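Here is a report on one protein chain. Look over the sequence and the structure first, then read on.

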Amino acid sequence: SLGTLGRASIPYQNVGQIRNKGLELELTYRKSEGAFTYSVSANATFIHNEVTKLLTPGSFLASQTYGRTDQEITRTYVGNPYGTFYGWLADGIYQNQQQIDSDPGVANDPRKDGQIHPGDVKFRDLNSDGVIDDKDRTIIGNPQPKVTYGLNANMGYKGFDLNLFFLGVGGVDIYNADRMQGLNPAYPFNMYQEVTGRWHGEGTSNSIPRLSSTDPNLNFRTSNLFIENGAFLRLKNITVAALIKLHFSLCFSNSRL
């Protein structure tokens, strides 16, 4: 047989339609008091992102899983924002065996005997079938900010100027995959310092599961355990300027004896 060179890849395609609608606002205030002048400008953009159509009706777009079905991070559905986070809902940590035995969410789960232990994450059984599986996944976060805003402040006094520029976003979620890996001993990386606050006995933690290199409960699957508030306001730029006036005096003398 003959070998081949090169690799074929799927080209970019138009696979759906997205609608963005919103409102932009900008306000400016200026004032002078003698030699002191200042102004403040603020702007905000409110955007609603919605997928209105996909190429195949009833389908969805999923993020790449790299061979691990529990690490699918996003799904895009019609009627929702693009790239919404998709996974399981964590509901604390099992503190003892009695909590596992009495949890109706795993009553019919084959992993209940021998694979779920105190210190493991308790996941919500959304379809109430007594088994935690792919059918219990749902939308757990929105990576599209509801508002993006900025603030620009200028002050001047006798040739000196100060400018401050602030930037911020609100109403946005992030999936902290780095933290997910930093708490999971199955990855060959340095672990987060906060792993010292993991569950290591009843009552020690209700948010960071026990350490397990095998992780039969899949504690670090995609879940709201790693969804964080992505809102921020930061000083992006600061500028200080001064007007310096220089005076030169030149004198020429020409004399003849």
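## Contacts of Tyr175

Contact here means heavy atoms within 4.5 Å. The model is predicted. With that cut-off, Tyr175 touches Gln71, Ile73, Phe85, Met180, Arg221, Thr222, Ser223, Phe226 and Ile227, leaving aside residues up to four places away in sequence.

Across the protein, consider contacts with a separation of 6 or more. Residues 24 or more positions apart account for 65% of them.

## The nonpolar core

Which residues touch the most other members of the largest nonpolar core? They are Val121, Phe123, Tyr175, Met180, Leu183 and Phe226, out of 24 residues in that core. Two strands, S6 (90-93) and S7 (121-123), each supply at least two residues of this core. Tyr175 thus links two parts of this report: Tyr175 is on that list of core residues, and Met180 and Phe226 are among the residues Tyr175 touches.

## Overall make-up and confidence

The protein has 257 residues, and 33% of them count as buried. Its secondary structure consists of two helices and 13 strands. About 17,100 Å² is exposed, with carbon and sulfur atoms supplying 54% of that area.

Mean pLDDT is 89 for the protein. A value of 70 or more is reached by 87% of the residues. Where is confidence lowest, and where highest? Strand S3 (residues 61-62) is lowest, at a mean of 86. Strand S7 is highest, at 98. Where pLDDT is low, the predicted coordinates should not be read in detail.

## A salt-bridge network around Glu72

The structure holds six salt bridges. Glu72, Arg75 and Arg137 are joined in a network of them. The side chains of Arg75 and Glu72 meet at 3.3 Å, N to O. Between Arg137 and Glu72, the closest N and O atoms are 2.7 Å apart. This second pair links distant parts of the chain, 65 residues apart. Arg137 sits in the loop between S7 and strand S8 (138-141). Glu72 sits in the loop between S3 and S4.

Are these three residues buried or exposed? Buried means under 20% relative accessible area. Glu72 has 7%, so Glu72 is buried. Arg75 has 11%, so Arg75 is buried as well. Arg137 also counts as buried, because its relative accessibility is 11%.

## A partly exposed salt bridge

Lys31 and Glu33 form another salt bridge through their side chains (3.6 Å, N to O). Here the accessibility falls in the partly exposed range, from the 20% limit for buried to the 50% limit for exposed. Lys31 has a relative accessibility of 35%, so Lys31 counts as partly exposed. Glu33 has a relative accessible area of 46%, so Glu33 is partly exposed too.

## A nonpolar surface patch

Which residues make the nonpolar surface patch of about 260 Å²? Ile18, Leu61 and Tyr82 do. Tyr82 lies in the loop between strand S4 (74-76) and strand S5 (84-87). With a relative accessible area of 42%, Tyr82 is partly exposed. Patch residues need over 30% relative accessible area, so the 42% of Tyr82 meets that cut-off.

Key: Residues numbered from 1 in each chain as written. Predicted model: local features only at pLDDT ≥ 70, side-chain atom pairs only at ≥ 80, totals over all residues. Heavy atoms only, no water. Core = buried A, V, L, I, M, F, W, Y, C linked by side-chain atoms within 4.5 Å. Buried < 20%, exposed > 50% of the residue type's maximum accessible area, 1.4 Å probe, protein only. Helix = DSSP H or I, 4+ residues; strand = E, 2+ residues; numbered from the N terminus. Areas by Shrake-Rupley, 256 points an atom, 1.4 Å probe, with all protein chains shown as cover. pLDDT = per-residue confidence, 0-100. Patch = residues over 30% accessible without salt bridge, like charges linked within 9 Å, V, L, I, M, F, W, Y side chains within 5 Å. Salt bridge = Lys/Arg side-chain N within 4 Å of Asp/Glu carboxyl O.
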